[in-house]
Amino acid sequence: MRKEDPIYQAYVEILKKELVLAMGCTEPIAIAYASALARKHLIGDVEEVEIHASGNIIKNVKSVTVPNTNGKKGLKAAAAIGVVAGNSDLLLEVISHVNEEQLKELDVFLETKDIRVFHEKGNCALQIMIVLRNAEHEAKVKIQNEHVNVVYIEKDGEIIFKKEETYGSDDERYQLLQMKSIYEFAESVDIEDVREVLERQISCNMAIAQEGLKKGYGADIANVLIKTYGDSVQVRARAMAAAGSDARMSGCELPVVICSGSGNQGMSASLPVIVYAKEYNCSHEKLLRALVLSNLSTLYQKKFIGRLSAYCGAVSAGAGAGAGISYLLGGDYSRVCHTIVNTLAITSGILCDGAKPSCAAKIASAVDAGIMGCMMAKENKEFYCGEGIVNSNIEKTIEGVGHIARDGMKTTDDEIIKMMMDI
């Protein structure tokens, strides 16, 4: 693929847009970001906070630890730390600089301010509106579809920013994602065009995984895996992804490089590939090309699903990791495609019931399926069209899974959210 090809340019831009740093689970961080931005526009002190959030935001914030809050969880903590200590200029690293004085202020804020949460039902799975007010002034900030995609800002009844609200991505670059061109791009891309984002993904995601493995955050799935099954490359690939997730879900303050708006997906798509590259002494360039393939194939799957749904995104990232591992082991285009189809046939349907420690175990299962799908393809074994959800080619299979996740599982999502809000 040539550099002047519009697809080449689009893929480079997509990687640079998607593979960005975030500290903490991206849903509470999005609430903190919107709160910090609203605080910037409010005149005077904050006396009341309203958090209007879609069900998928609520379920992904309810049980996860917000970093730099001394272990606090939930929507109110996320909004409060955004108001008290957030710097909206830092986007998904909005609460990366919190001092001791601000932590004391956070405790007082949570005890004394009126903070209310409202479940916004509608067609947009990722939607947040923060309203801050005092006796005389009010500020509103609304986010849709992507975690820092601001669509509306209002100050004292005056609209100071507005753009069209949509219920899905309107970025035409994503319509160019196809497996054949993704594989060709991974094979031919000038590594210097993507090196910065990929090197950052390797260094940051490995750092938090090693921290998770060392300190045993959350359910400590990584060490359970290694103690139970040994330290083969297959186990270590699963364990490193799980370790990063456990650390992140439990409030570790190290940043991760995300994919499709998710740190868990960013780690699942990258860490197993990194582990396999080291085990098989692959060149660094080969690793980078495998990561291009893994990340873009994950994003291709998520194009049909959306950022948030009842479908666990680790499944998509696990399939992406399987594709990257297949490439490292000499897999051609056909074998990479069979790897993804095999993986989706195995694990599609894992439920997303919010961000919390069990995400690490789901990631371990998704990566295991990706590895199994890869090994099946290596032995020329595959699932065939008509066997369950497997369709006649990879594009139709991926699109079909997307429809199941986005449309077919919507009622499932409603029931999950209802159950979580009743607990």
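**Exercise 1. The second largest pocket**

How many nonpolar, polar and charged residues does the lining of the second largest pocket have? Work on the predicted model shown above, and begin with the space itself before turning to its walls.

*Solution.* The space comes first: the second largest pocket of this predicted model holds about 290 Å³. Next come the walls, which are made by 14 residues, and those lying nearest the centre of this pocket are K17, V20, L92, V148 and I258. Sorting the lining by class then gives seven nonpolar, two polar and five charged residues.

**Exercise 2. The largest pocket and the largest cavity**

Describe the largest pocket and the largest cavity in turn, giving for each the volume, the residues closest to the centre, the contributing helices and the classes of the lining residues.

*Solution.* Step one concerns the largest pocket, in which about 940 Å³ of space lies. Its lining is made by 40 residues, and N123, C124, A125, I305 and L308 are the closest to its centre. Helix 3, helix 11 (284–305), helix 15 (394–408) and helix 16 (410–422) each give at least two residues to this lining, which divides into 13 nonpolar, 13 polar and 14 charged residues.

Step two concerns enclosed space, where the structure holds one cavity of 30 Å³ or more. The largest cavity contains about 330 Å³, and of the 32 residues lining it, N60, S262, N264, Q265 and C352 are the closest to its centre. At least two lining residues apiece are supplied by helix 2 (26–41), helix 3 (55–61), helix 9 (233–249), helix 10 (263–279), helix 12 (313–328) and helix 14 (358–378). By class, the lining of the largest cavity has eleven nonpolar, 13 polar and eight charged residues.

**Exercise 3. Strand 6 and its partners**

Why is strand 6 described as largely enclosed by the rest of the structure, and how is it paired with strand 5 and with strand 7?

*Solution.* Start with accessibility, for which buried means under 20% relative accessible area. Five of the six residues of strand 6 (residues 150–155) are buried, and therefore the strand is largely enclosed by the rest of the structure.

Now follow the pairing with strand 5 (residues 138–144), which runs antiparallel to strand 6 and is joined to it by five bridges. Within this pairing, K140 stands opposite E154 of strand 6. The two strands form a hairpin with five residues between them, and in that turn N145 has a positive phi of about 70°.

The pairing with strand 7 (residues 158–162) is also described as antiparallel, here over four bridges. K155 has E158 of strand 7 as its bridge partner. Strand 6 and strand 7 make a hairpin with two residues between them, and the turn residue D156 has a positive phi of about 50°.

Finally, take one residue of strand 7, namely I160, which counts as partly exposed at a relative accessible area of 39%. Leaving aside residues up to four places away in sequence, I160 touches H41, I153, E154 and K155.

**Exercise 4. Salt bridges**

Which parts of the chain are linked by the pair R173 and E13, and are E50 and R133 buried or exposed?

*Solution.* Side chains of opposite charge can pair when their charged atoms come close. The count for this structure comes to 29 salt bridges, and three of them are worked through here.

The side chains of R173 and E13 meet in a salt bridge at 3.3 Å, N to O. This pair links distant parts of the chain, since R173 is in the loop between strand 7 and helix 6 (179–188) whereas E13 is in helix 1 (residues 6–18), 160 residues apart. R173 is partly exposed at 26% relative accessible area, and E13 is likewise counted as partly exposed, at 36%.

In the second case, E50 forms a salt bridge with R133, their closest N and O atoms being 2.8 Å apart. Because E50 lies in strand 2 (residues 48–53) and R133 in strand 4 (residues 127–133), the pair ties together parts that are 83 residues apart in sequence. Both E50 and R133 are buried.

The third case is R195 with E192, whose side chains meet at 2.8 Å, N to O. R195 is partly exposed, with a relative accessible area of 28%, while E192 counts as exposed at 53%.

As a last step, look for shared partners: E13, K17, E18, E146, D171, R173 and R307 are joined by such salt bridges into one network.

Notes. Residues are numbered from 1 along each chain as its sequence is written. This is a predicted model: local features need pLDDT of at least 70, side-chain atom pairs count only at pLDDT 80 or more; totals for chains, interfaces and linings use all residues. Side-chain values use heavy atoms; hydrogens and water are left out. Buried means under 20% relative accessible area, exposed over 50%, partly exposed in between (1.4 Å probe, protein chains only). Two strands pair if DSSP finds at least two bridges between them. On a 1 Å grid over the protein atoms alone, a cavity is a set of points where a 1.4 Å probe fits but cannot get out, and a pocket is an open set with protein on both sides within 12 Å along at least five of seven lines; lining residues have an atom within 4 Å of a point. Grid points are joined across faces, edges and corners, and a volume is the space filled by probe spheres set on the points. Ala, Val, Leu, Ile, Met, Phe, Trp, Tyr, Cys and Pro count as nonpolar, Asp, Glu, Lys and Arg as charged, and the others, Gly among them, as polar. A salt bridge is a side-chain nitrogen of Lys or Arg within 4 Å of a carboxyl oxygen of Asp or Glu. Contact means heavy atoms within 4.5 Å.
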